[in-house]
Amino acid sequence: MTKITEHIRRAAGKTIFSLEVIPPIKGDNLKNLLDNIEPLMEFKPPFIDVTYHREEYIERPEPDGTIKKIVTRKRPGTVGICSAIMHRFGVDPVPHVLCGGFTKGETEDFLIDLQYLGIDNVLVLRGDPAKPYKDFKPKENGHSYASELVAQVCDMNRGIYLHEGETALSPTDFCIGVAAYPEKHFEAIDSETDMRYLKQKIDNGAEYIVTQMFFDNAKYFAFVDQCRAAGITVPIIPGLKPLSTRRQLDVLPSIFYLHMPEDLVGAVKACENDQQARQVGIEWCVQQCRELMAKGAPVLHFYTMGKSDNITKIAREVF
Ligand code: FAD
């Protein structure tokens, strides 16, 4: 399989189409997900990201008045979906690999599984806190920050595993991507601090960046400038999500800490139903894509959230 950085190099300045999918809710059919990816093959994505969803805790009141804590995983199957994508579409899958919920040893095992499957690309993330908790807590003997996990993957790329010291073991060969936030990660005290930690991920060995979604291209362009000024030279892939319901005007900023431009807010507020809002979201995203392509974005990376009809319409307009 081919590394993301190599896909970008081979495109020689032409913007690539790519997407992110999320595993179905446990018990749902994988067919729906694959059927949603199928129409997007028209735009020849060289890679598809698959998100990872850690365990969640549910507190259930028992008849005796006590509270029982249940651990559940709502969207398992990241690795299986990666394998299905490889076999059905012949496309490079990019599994997301998290600090949260993993010890270093479990991470090592996970990465070995990926290597055996022939998966050479990973997007390395800290992950969100385990729901319903608000603070991120690493597992005992796990990583606290994505930069530490990047270092572990790089060690394995040099043949250094956890317990075997620096003897010459078979090295892995992962191309590592990391996340970044044009509008700052919500926990960071300021964008300079956030940038310092992003640089640490690159210095530790990450080879490209994928951004959080944004609706105002100016935020992305300013962020790219800030990265370059900080000495970050790797490709910075913009993440895009077309707005698809009126409710998302409030929901997306509260979940992802992003700014909705006034013009978009006005256009969506004028909609009488979600169908009209979806159309506004498509048109807005088409404009974003055209500007990003004109200014040389290496990839347009779409967050599909399991639905592809609006992405298809956008890609037909711009690719
Ligand atoms: P980090 O880079 O570790 O940063 C987290 C915070 O800690 C930041 O505020 C940073 O400034 C700060 N920080 C970093 N290093 C240090 C340090 N050494 N000391 C002190 N502070 C530090 N979540 C999932 O659960 N599953 C997914 O599949 C998933 N996919 C995503 C894909 C993309 C493209 C993006 C943008 C996000 C994704 N997320 C996913 C969400 C992500 O896990 C959260 O945003 C998480 O809160 C931060 O992850 P990170 O890798 O950016 O963390």
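Biologist: Before we look at the lining of the second largest pocket, which residues count as nonpolar, which as charged and which as polar?

Modeller: Ala, Val, Leu, Ile, Met, Phe, Trp, Tyr, Cys and Pro are counted as nonpolar, Asp, Glu, Lys and Arg as charged, and the others, Gly among them, as polar. Please keep in mind that this is a predicted model.

Biologist: OK, so how does the lining of the second largest pocket divide by class?

Modeller: That lining has 8 nonpolar, 2 polar and 4 charged residues, and the pocket itself has a volume of about 300 Å³. Of the 14 lining residues, the closest to the pocket centre are Lys-14, Thr-15, Ile-16, Phe-43 and Lys-44.

Biologist: Which element gives the most to that lining?

Modeller: Helix H1, which spans 4-11, gives the most, with 3 residues, while strand E1 (16-21) also supplies at least two.

Biologist: Switching to the ligand, how many residues surround it, and which are the closest?

Modeller: The ligand is surrounded by 24 residues, and the closest are Tyr-52, Tyr-181, His-185, Asp-194 and Lys-201. By class, the shell has 12 nonpolar, 6 polar and 6 charged residues, and its largest share, 4 residues, comes from helix H6.

Biologist: And what lies 2.7 Å from an oxygen atom of the ligand?

Modeller: That is a polar side-chain atom of Asp-194, whereas for Arg-126 a backbone N or O atom lies 2.8 Å from a ligand oxygen, and for Ala-146 a backbone N or O atom lies 2.9 Å from one.

Biologist: How much of the ligand does the protein bury?

Modeller: Taken alone, the ligand exposes 990 Å², and the protein buries 87% of that.

Key. Residues are numbered from 1 along each chain as its sequence is written. This is a predicted model: local features need pLDDT of at least 70, side-chain atom pairs count only at pLDDT 80 or more; totals for chains, interfaces and linings use all residues. Side-chain values use heavy atoms; hydrogens and water are left out. On a 1 Å grid over the protein atoms alone, a cavity is a set of points where a 1.4 Å probe fits but cannot get out, and a pocket is an open set with protein on both sides within 12 Å along at least five of seven lines; lining residues have an atom within 4 Å of a point. Grid points are joined across faces, edges and corners, and a volume is the space filled by probe spheres set on the points. A residue is near a molecule or strand if one of its heavy atoms lies within 4 Å of it. A polar contact is a pair of N or O atoms within 3.5 Å; within protein, one must be able to donate a hydrogen and the other to accept it, and residues adjacent in sequence count only if both atoms are side-chain atoms. Accessible areas come from the Shrake-Rupley method with a 1.4 Å probe; for residues, only the protein chains shown count as cover.
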